[in-house]
Every structure is written in C-alpha cells, then in structure tokens.
Amino acid sequence: MALPELVRRTVEKLLAEYCGRRTSSCPLAGPRLFYRFGDDTVTLFAEQRSCGGATALAVTAVAQFRYSHDLRQWSLHYLDQQQRWHFYLNVAPTLDFAKLLRYLDDDPLHVFWE
C-alpha cells in the first residue's frame with residue numbers, strides 16, 4: 001500500500017534536509033546520501049565517489065524506515081552482514097520521523113555508520 005501523500009511529503013522534506021546536512025561537496029569528506037521510496041518504506045543509501053566525484057565507487061544501504069498503516073508509525077531497521085533487514089530495538093516505532101533520524105545520527109551500537 002502506498003504512503004499517504006502528506007506523510008510522504010513530510011518525510012521527503014525531512015530526508016532532503018538530513019541528506020543535505022550530512023553530505024559534503026567534497027567526495028573525500030564522506031559519502032553522498034540519498035534515499036528511495038518503496039510502497040511503505042524509505043531506504044537511505046550512502047554513495048562513495050571517486051576523488052573527481054564523477055564515478056560512484058560503491059553504494060551501500062544505510063537504514064530503512066518502515067511505515068505501519070495500521071498504527072501510522074515509522075520503525076527503523078538496519079542491514080546485517082548477510083544483507084537482511086532487522087528491526088532496530090533501541091528505538092520504538094514512532095509517529096515522529098525526525099526522532100528516528102536523531103537515533104540514526106547517534107548510532108551508539110554502530111550498526112548504521114562505521
């Protein structure tokens with residue numbers, strides 16, 4: 001089921017700001033972040049670029065946010081070494097998408113950022 005339009009627009013705005021804040025114009029300073037929507041998910045990716053910035057060296061999924069239509073809440077998920085998604089237990093599902101972005105930034109267990 002597709003995301004409600006208002007929910008999608010709100011999340012797009014928050015993620016655009018988040019990616020802009022975390023992405024440097026210099027490829028050596030860190031990866032470029034971007035996101036893709038699924039039906040009821042949003043996946044955040046990090047793209048490592050070459051020194052000239054023209055060629056993508058690697059694209060890695062960083063986190064996935066899943067929307068529960070019944071509860072109208074978002075949950076945060078991480079990718080394991082076998083490329084399977086798991087529910088991130090340190091934060092409960094929430095109506096506040098920005099809260100999940102704060103947990104993603106903090107990452108005390110280092111499951112999102114190395």
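Where does aspartate 107 lie? Aspartate 107 is in the segment after H2. This is a predicted model, and that residue is a useful way into it.

**Overall layout**

The chain has two helices and five strands. Along the sequence they follow the pattern α-β-β-β-β-β-α. Of the 114 residues in the chain, 34% are buried. Now take the contacts with a separation of 6 or more: 36% of them join residues 24 or more positions apart.

**The nonpolar core**

In soluble globular proteins, nonpolar side chains tend to be buried together. Here the largest nonpolar core holds 23 residues. Leu44, Val62, Phe65, Trp74, Leu76, Leu104 and Phe112 touch the most other members. Several elements each supply at least two residues of this core: helix H1 (5-22), strand E2 (41-49), strand E3 (56-68), strand E4 (73-79) and helix H2 (97-106).

**How the two helices pack**

Two packed helices are described by the angle between their axes and the distance between the axes. For H1 and H2, the angle is about 25° and the axes are 10 Å apart. An angle under 35 degrees counts as roughly parallel, so H1 is roughly parallel to H2. The crossing of H1 past H2 is right-handed.

Which residues in H1 meet H2? They are Val11, Leu14, Leu15, Tyr18, Arg21 and Arg22. On the H2 side, the partners are Phe97, Ala98, Leu101, Leu104 and Asp105. By type, the residues of this contact are eight nonpolar, no polar and three charged. Leu104 of H2 appears in this contact. Leu104 is also listed among the core members that touch the most others.

**Three single residues**

The table sets out how accessible three residues are.

| Residue | Location | Relative accessible area | State |
|---|---|---|---|
| Serine 68 | strand E3 | 26% | partly exposed |
| Glutamine 83 | loop between E4 and strand E5 (85-87) | 57% | exposed |
| Aspartate 107 | segment after H2 | 2% | buried |

Is aspartate 107 buried or exposed? Buried means under 20% relative accessible area. Aspartate 107 has 2%, so aspartate 107 is buried. Glutamine 83 has 57%, so glutamine 83 counts as exposed.

Backbone angles add another detail. Phi of glutamine 83 is near 65°, a positive value in a residue other than glycine. Phi of aspartate 107 is also positive, near 40°, and this residue too is not glycine.

Serine 68 shows how sequence and space can be compared. Serine 68 and methionine 1 are 67 residues apart in sequence. In space, their C-alpha atoms are 10.0 Å apart.

Terms used. Residues are numbered from 1 along each chain as its sequence is written. This is a predicted model: local features need pLDDT of at least 70, side-chain atom pairs count only at pLDDT 80 or more; totals for chains, interfaces and linings use all residues. Side-chain values use heavy atoms; hydrogens and water are left out. A nonpolar core is a set of buried Ala, Val, Leu, Ile, Met, Phe, Trp, Tyr and Cys residues joined through side-chain atoms within 4.5 Å. Buried means under 20% relative accessible area, exposed over 50%, partly exposed in between (1.4 Å probe, protein chains only). Helices (H or I, at least four residues) and strands (E, at least two) are DSSP runs, numbered from the N terminus. Axes are lines fitted to C-alpha atoms, for helices over the stretch in contact, and angles run from 0 to 180 degrees between N-to-C directions. Angles under 35 degrees count as roughly parallel, over 145 as roughly antiparallel, 65 to 115 as roughly perpendicular and the rest as oblique. A crossing is left-handed if the near helix is turned anticlockwise from the far one by less than a right angle, and right-handed if clockwise. Contact means heavy atoms within 4.5 Å. Ala, Val, Leu, Ile, Met, Phe, Trp, Tyr, Cys and Pro count as nonpolar, Asp, Glu, Lys and Arg as charged, and the others, Gly among them, as polar.
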